[in-house]
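Visitor: Please take me on a close look at the cysteines of this model and the residues around them. I would like the details with their cut-offs, and then a view of the whole chain.

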Amino acid sequence: MLFPKTPRFLVKVSGFLCHDPASYAFVAGLYERAPTAFVRFIPGGGIDVDAEFRRRGLPIRPRGPMGREMPTFEEREAQRSVIEDNASFARCTFAFMQLYPRVTAPYVDIDDDDSDCPQDGDEMVRILYDNYDEIFILCTKDEGRAIKKVQTFAQFPKVTILHKEGDDFVNSRSLITEL
């Protein structure tokens, strides 16, 4: 007996939108579209991590090719705390909405020693790309973020970049034609 294919969606949300109700409404819309879908939600944390680093007096380093570089345990621990808090917030929000996507903090736990590795959310999208039918990256268009993501993911046809305008998300490819 063949079972119908379950749609698989991946939603990566910018730290700027991690606490925004529109991000959660977007996921609810995916379940309305496909009630039996498997949805993975990856909450970002960049802006919250910056705030936590400032609070702790830690340096905010430039981003490298794989995201934020953090050579000290204290920096990695601060980032992990923030992204785990954002993931917990997402889980609680979805539970309140009676939705149960798989919420994954962008963190790779290699083994039991000091090899824990905060992972850039966009890198997680690349790593997970082949496992999903459709991928959505929700971001803002501030400071050219949406345009940069459209350019970064131009070679990934399953990825749709959406930026927030008002209370809705809009396909960010339209920003490229506006230039």
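**The cysteines and their surroundings**

Guide: Let's start with C18, which is buried, with a relative accessible area of 0%; here buried means under 20% relative accessible area, exposed over 50% and partly exposed in between, with a 1.4 Å probe and protein chains only. A word on the background: this is a predicted model, in which local features need pLDDT of at least 70 and side-chain atom pairs count only at pLDDT 80 or more, while totals for chains, interfaces and linings use all residues. Residues are numbered from 1 along each chain as its sequence is written, and side-chain values use heavy atoms, with hydrogens and water left out.

What is the distance from the sulfur of C18 to the closest cysteine sulfur? That sulfur belongs to C92 and lies 12 Å away, too far for a bond. A disulfide is taken as a pair of cysteine sulfur atoms within 2.5 Å, and the structure holds zero of them. C139 also has a relative accessible area of 0% and is buried. The closest cysteine sulfur to that of C139 is in C18, at 14 Å, again too far for a bond.

C139 brings us to S14, which touches C139 as well as G44 and L138, not counting residues up to four places away in sequence; contact means heavy atoms within 4.5 Å. S14 sits in the loop between strand 1 (8-13) and helix 1, and helices (H or I, at least four residues) and strands (E, at least two) are DSSP runs numbered from the N terminus. With a relative accessible area of 8%, S14 is buried. Its C-alpha atom is separated by 15 Å from that of R63, 49 residues apart along the chain.

L138 turns up again beside S23, a residue of helix 1 (residues 21-33). Apart from neighbours within four places in sequence, S23 is in contact with L138, V13, L17 and F169. S23 is buried too, with a relative accessible area of 0%.

Moving back along the chain, P7 lies in the segment before strand 1 and is partly exposed, at 23% relative accessible area. Its contacts, leaving aside neighbours within four places in sequence, are A34, T36, A37, F38 and D133. The C-alpha atoms of P7 and E32 are separated by 12 Å, with their positions 25 residues apart along the chain.

For contrast, Q98 is exposed, with a relative accessible area of 65%. Q98 is placed in the loop between helix 3 (73-96) and strand 5 (102-103). Although not a glycine, Q98 has a positive phi of about 60°. Most residues other than glycine have a negative phi.

Finally, the whole chain. The protein has six helices and 10 strands. Its radius of gyration is 17 Å, close to the 16 Å of the globule rule for 179 residues, so the protein is as compact as a globular protein of that length; the radius is taken over C-alpha atoms, and the rule is 2.2 Å times the number of residues to the power 0.38. Of the 179 residues, 45% count as buried. Among contacts with a separation of 6 or more, 64% come from residues 24 or more positions apart. The C-alpha atoms fill a box of roughly 50 × 45 × 30 Å along the principal axes.
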